[in-house]
Amino acid sequence: MPFLTNSLAVGGFAGFLLGVSTYVGPVIAMILIWRYLKLKPSGLMLWCATIWLAVGVLASVFGEVEKAWWILAGLWALVALIDAIWIKLIPSVKVERALPGRFAIGVAGDVTLKVSNSSRWPLSVHLYDGLPEEGACELLPWSGTLPGKGYQEVTYPATLHERGMATFDEAHVQVSSPFRFWVKQQRIGEKEQSRVYPNYEPVIRFALLTMESSPEQMGIVMKNRVGLSKDFHQLRDYHLGDMLSQIDWKATSKRLSLISRDYQEQRDQNVILAIDCGRRMRAMDGEMPQFDHCLNAMLLLAYVALRQGDNVGILSFGGEERWLPPVKGVNSMTTILNHLYDYQTSTNPSDYAEAVEKLMVRQRRRALVVVLSNVRGEDGADLIQPLQMLRKRHVVMLANLREKEVVDAMEAPIATLDDALKFGATQRYLDDRRLVLNELNAHGIQTVDTTAKQLPVALANRYLATRQEV
């Protein structure tokens with residue numbers, strides 16, 4: 001019995017080695033097909049190879065199985081070869097991509113892929129588009145069957161998280177062979193680019209509300225201080241309390257009733273938006289950097305100012321210096337968007353003195369200058385003096401973004417010593433920051449200090465309240 005057991009063990013081991021040796025040949029064949037025919041063995045092919053190996057081991061132990069093993073090997077090899085030639089001769093599918101005109105950062109845009117099959121045979125396709133690195137889509141990859149001489153349109157929402165020029169690479173396509181033994185992998189289509197703009201949804205929402213004469217629904221109060229400017233608006237009937245200087249005597253003589261002139265706020269004023277592109281603006285606030293929150297506030301403020309008839313210019317500092325001379329009219333929002341969409345922050349510190357010097361050279365006419373930044377207590381010495389110099393010629397406003405994490409830290413419950421220490425450090429941080437803002441206010445420099453969520457509307461309201469000072 002031990003001799004019989006040992007014999008079976010030796011025979012089984014020898015059969016296993018024989019099976020493995022016979023398995024090497026098909027493996028080498030698959031590698032050659034993968035390399036030269038550009039075909040990848042599918043899961044079904046690997047399962048068939050495993051079954052064939054198991055039958056080969058049995059054939060080495062039980063001789064009567066060997067004939068069936070060879071028949072199985074021949075059929076498998078024949079079908080696999082026909083399948084490989086077939087899928088290799090089938091024309092490649094074609095992929096055409098239709099991108100939206102533009103993307104907004106963090107907002108899904110629909111991308112449509114037209115996948116065409118020029119062969120007469122239906123094809124099983126696995127598709128993944130060449131999304132930019134900063135893009136995301138939960139509906140990819142797509143799998144489906146293309147009818148013979150037909151096509152399939154695949155629409156998916158792509159969300160891009162970085163502004164600038166986004167590049168879509170060729171689509172990755174896998175086509176299964178008719179018997180599902182092989183997969184043909186290809187990169188098909190063209191590289192295409194699309195612009196990713198700041199999220200201008202608040203601007204669009206404001207535009208729709210103003211069309212309904214309801215801007216107050218956003219919290220923006222459109223003010224018109226009658227009689228404080230010299231821009232003529234319209235003639236109207238005399239109201240009790242109108243000043244005599246408002247009466248238009250020529251129109252009164254024609255109508256034989258008192259007619260008063262209505263005035264509106266002065267137009268054609270300049271508003272310069274100076275945005276900090278330094279390293280401090282790279283900090284995340286929620287799902288977006290602070291810099292992008294400031295861009296959104298700038299867009300709303302620019303739209304409100306253009307709608308008020310003012311000119312809007314843009315200056316960047318703390319990184320790549322860029323300048324957009326003041327433009328006028330609501331239609332200029334396209335110019336502003338095209339100028340702002342690829343703004344990026346840098347790792348450089350913000351030099352407020354240099355920014356003020358360059359701004360005073362570029363903008364000599366009196367204007368409302370809105371500086372958007374994230375100012376801390378240690379910035380006082382570098383910030384106050386330059387803004388004082390700018391205040392001699394212009395009306396200056398500092399829009400300061402308050403971090404959401406700081407607000408959350410102040411509102412968090414205090415249960416442990418660590419919580420108390422964190423609360424004290426946060427309060428000290430806010431006190432130092434408040435001292436800088438108070439000193440700016442003392443020198444006639446207006447400040448807006450609020451969170452990213454409230455910044456767009458707060459900045460627009462402060463602009464409307466400040467226009468009379470320009």
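Contact here means heavy atoms within 4.5 Å of one another, and the views below come from a predicted model.

**Figure 1. The whole chain, with its helices, strands and contacts between distant parts of the sequence.** In this predicted model, the chain holds twelve helices and 21 strands. Among the contacts in the chain with a separation of 6 or more, 73% are accounted for by residues 24 or more positions apart. The chain has 470 residues, of which 44% count as buried. Its accessible surface comes to about 25,000 Å², and 57% of that surface belongs to carbon and sulfur atoms.

**Figure 2. Close-up of Ser332 and the residues around it.** Ser332 is found in the loop that runs between strand 18 (323-328) and helix 7 (333-340). Because its relative accessibility is 11%, and buried means under 20%, Ser332 counts as buried. When neighbours within four places in sequence are left aside, Ser332 is in contact with Leu306 and Val327. Leu306 stands 26 residues away from Ser332 along the chain, yet the C-alpha atoms of the two residues are separated by 7.9 Å. The side chain of Ser332 also has a polar atom that lies 2.6 Å from the backbone oxygen of Lys328.

**Figure 3. Close-up of the largest pocket.** The largest pocket has a volume of about 350 Å³, and 15 residues line it. Of these lining residues, Ile105, His161, Met288, Pro289 and Asp292 lie nearest the centre of the pocket. Two elements, strand 16 (288-289) and helix 6 (290-307), give two or more residues to the lining of the largest pocket. Sorted by class, the lining of the largest pocket has five nonpolar, five polar and five charged residues.

**Figure 4. Close-up of the second largest pocket.** With a volume of about 270 Å³, the second largest pocket is lined by 16 residues, and those nearest its centre are Arg280, Pro349, Ser350, Tyr352 and Asp379. The elements that give two or more residues to the lining of the second largest pocket are helix 8 (352-362) and helix 9 (380-391). Helix 9 gives the most to this lining, with four residues. By class, the lining of the second largest pocket has five nonpolar, five polar and six charged residues.

**Figure 5. Close-up of the largest cavity.** A search of the whole structure finds one cavity of 30 Å³ or more, and about 70 Å³ of space lies in the largest cavity. The elements that give two or more residues to the lining of the largest cavity are strand 17 (311-317), helix 8, strand 19 (368-373) and helix 9. Helix 8 gives the most to the lining of this cavity, with four residues. The lining of the largest cavity is made up of Ala274, Leu315, Phe317, Tyr352, Ala355, Val356, Leu359, Val369, Val371, Leu387 and Leu390. By class, these are eleven nonpolar residues, with no polar and no charged residues in the lining. Tyr352 appears in this view as a lining residue of the largest cavity, and Tyr352 is also one of the residues that lie nearest the centre of the second largest pocket.

Definitions and conventions: Residues numbered from 1 in each chain as written. Predicted model: local features only at pLDDT ≥ 70, side-chain atom pairs only at ≥ 80, totals over all residues. Heavy atoms only, no water. Buried < 20%, exposed > 50% of the residue type's maximum accessible area, 1.4 Å probe, protein only. Polar contact = N/O pair within 3.5 Å; in protein donor to acceptor, adjacent residues only side chain to side chain. 1 Å grid on protein atoms, 1.4 Å probe; cavity = no way out; pocket = protein on both sides within 12 Å on 5 of 7 lines; lining within 4 Å. Points joined across faces, edges and corners; volume = space filled by probe spheres on them. Nonpolar A, V, L, I, M, F, W, Y, C, P; charged D, E, K, R; others polar. Areas by Shrake-Rupley, 256 points an atom, 1.4 Å probe, with all protein chains shown as cover.
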